[in-house]
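Subject: A structure for you to explore

Hi there,

Here is the structure I promised to pass on. Please open it next to this email and follow along as you read.

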Amino acid sequence: MKRYVEELIIVVLQLIIFFVLPLFAGPTDMIGMVLMIVLATLLLSFILGVLSNDKVKYAYPIIVAIVFIPSVFIYYNESALVHSVWYLVVAYVGLLLGTVIKLTVKKLK
């Protein structure tokens with residue numbers, strides 16, 4: 001369990017972003033909030049790619065997409081289910097960017 005502390009912290013932050021942030025958005029703020037959640041997902045997955053050395057980090061994008069699905073039924077309507085695919089793609093892009101930068105920096109040292 002100690003081995004996955006960084007990954008668990010990032011997943012908890014992602015849960016907070018998905019379930020707490022929409023509480024503070026008004027009905028006209030939804031587009032901006034979705035963009036902010038996408039950027040936060042990109043940033044968290046990038047950080048995970050840089051910090052984590054474990055193979056479990058590659059499951060993070062799938063976890064993000066699955067965790068978003070209950071928030072669709074709580075805050076949005078069924079048409080927002082397609083956003084889970086975007087979160088999957090964004091999380092993979094951030095994770096790959098973070099991993100590539102980590103490997104590049106390690107190679108230069």
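Let's begin with Leu 13, which is partly exposed because its relative accessible area is 38%, a value between the 20% that marks the limit for buried and the 50% above which a residue is exposed. You will find Leu 13 in helix H1, which runs over residues 5-19. Please keep in mind that this is a predicted model, so everything below was computed from predicted atoms.

Leu 13 also belongs to a nonpolar patch on the surface. Its other members are Val 5, Ile 9, Val 12, Leu 15, Ile 16, Val 20, Leu 23 and Phe 24, and together the patch has about 810 Å² of accessible area.

Now compare Leu 13 with Met 36. Met 36 sits in helix H2, residues 30-51, and it counts as partly exposed too, at 42% relative accessibility. Between the C-alpha atoms of Met 36 and Leu 13 there are 14 Å in space, and the two are 23 residues apart in sequence.

Next, stay in H1 but look at Gln 14. Is Gln 14 buried or exposed? Gln 14 is buried, because its relative accessible area is 3%, and the limit for buried is under 20%. Leaving out residues up to four places away in sequence, Gln 14 touches Thr 41, Leu 44, Tyr 60 and Val 64.

One of those partners, Leu 44, is worth a visit of its own. Leu 44 is part of helix H2 and is buried, with a relative accessible area of 8%. Which residues is Leu 44 in contact with, apart from its neighbours within four places in sequence? They are Ile 10, Leu 13, Gln 14, Ile 17 and Tyr 60. So the partly exposed Leu 13 that we started from appears here again, as a contact of Leu 44. You can also check the distance from Leu 44 to Ala 91: the pair is 47 residues apart in sequence, yet 8.1 Å apart in space, C-alpha to C-alpha.

Let's look at H2 as a whole. Helix H2 has 22 residues and reaches 31 Å from its first C-alpha to its last, close to the 32 Å expected at 1.5 Å a residue. Its buried residues are Met 33, Val 34, Ile 37, Ala 40, Thr 41, Leu 44, Ser 45, Leu 48 and Gly 49. Here is a handy idea for reading such a list: an α-helix has 3.6 residues a turn, so residues three or four places apart point the same way. What do the buried residues of H2 pack against? They pack against H1, H3 and H4.

Helix H3 can be read in a similar way. H3 covers residues 60-75, has 16 residues and reaches 23 Å from its first C-alpha to its last, close to the 22 Å expected at 1.5 Å a residue. Tyr 60, Pro 61, Val 64, Ala 65, Val 67, Phe 68, Ser 71 and Val 72 are buried in H3. The cover over these buried residues includes H1, H2 and helix H4, which spans 83-108.

There are some aromatic rings to look for as well. The model has 5 aromatic pairs. In one of them, the rings of Tyr 75 and Tyr 76 have their centres 6.3 Å apart and their planes at 65°, so this pair is edge-to-face; the angle needed for that is over 60 degrees. Tyr 75 counts as partly exposed at 24% relative accessibility, whereas Tyr 76 counts as buried at 18%. Both belong to one aromatic cluster, together with Phe 18, Phe 68 and Tyr 87.

Before you zoom out, find Arg 3 in the segment before H1. Arg 3 is exposed, with a relative accessible area of 58%. Arg 3 and Asn 53 are 50 residues apart in sequence and 9.9 Å apart in space, C-alpha to C-alpha.

Finally, the whole chain. It has 4 helices and 0 strands, and its C-alpha trace spans about 50 × 30 × 20 Å along the principal axes. Of its 109 residues, 36% count as buried. The chain exposes about 6900 Å², and carbon and sulfur atoms supply 77% of that area. Among the contacts with a separation of 6 or more, 74% come from residues 24 or more positions apart.

Enjoy exploring!

Best wishes

Definitions and conventions. Residues are numbered from 1 along each chain as its sequence is written. This is a predicted model: local features need pLDDT of at least 70, side-chain atom pairs count only at pLDDT 80 or more; totals for chains, interfaces and linings use all residues. Side-chain values use heavy atoms; hydrogens and water are left out. Patches are made of residues with over 30% relative accessible area and no salt bridge: like charges are joined within 9 Å, nonpolar side chains (Val, Leu, Ile, Met, Phe, Trp, Tyr) within 5 Å. Accessible areas come from the Shrake-Rupley method with a 1.4 Å probe; for residues, only the protein chains shown count as cover. A salt bridge is a side-chain nitrogen of Lys or Arg within 4 Å of a carboxyl oxygen of Asp or Glu. Helices (H or I, at least four residues) and strands (E, at least two) are DSSP runs, numbered from the N terminus. Buried means under 20% relative accessible area, exposed over 50%, partly exposed in between (1.4 Å probe, protein chains only). Rings of Phe, Tyr and Trp (its six-membered ring) pair if their centres lie within 6.5 Å; planes under 30 degrees apart count as stacked, over 60 as edge-to-face and the rest as tilted. The expected span of a helix is 1.5 Å times one less than its number of residues. Contact means heavy atoms within 4.5 Å.
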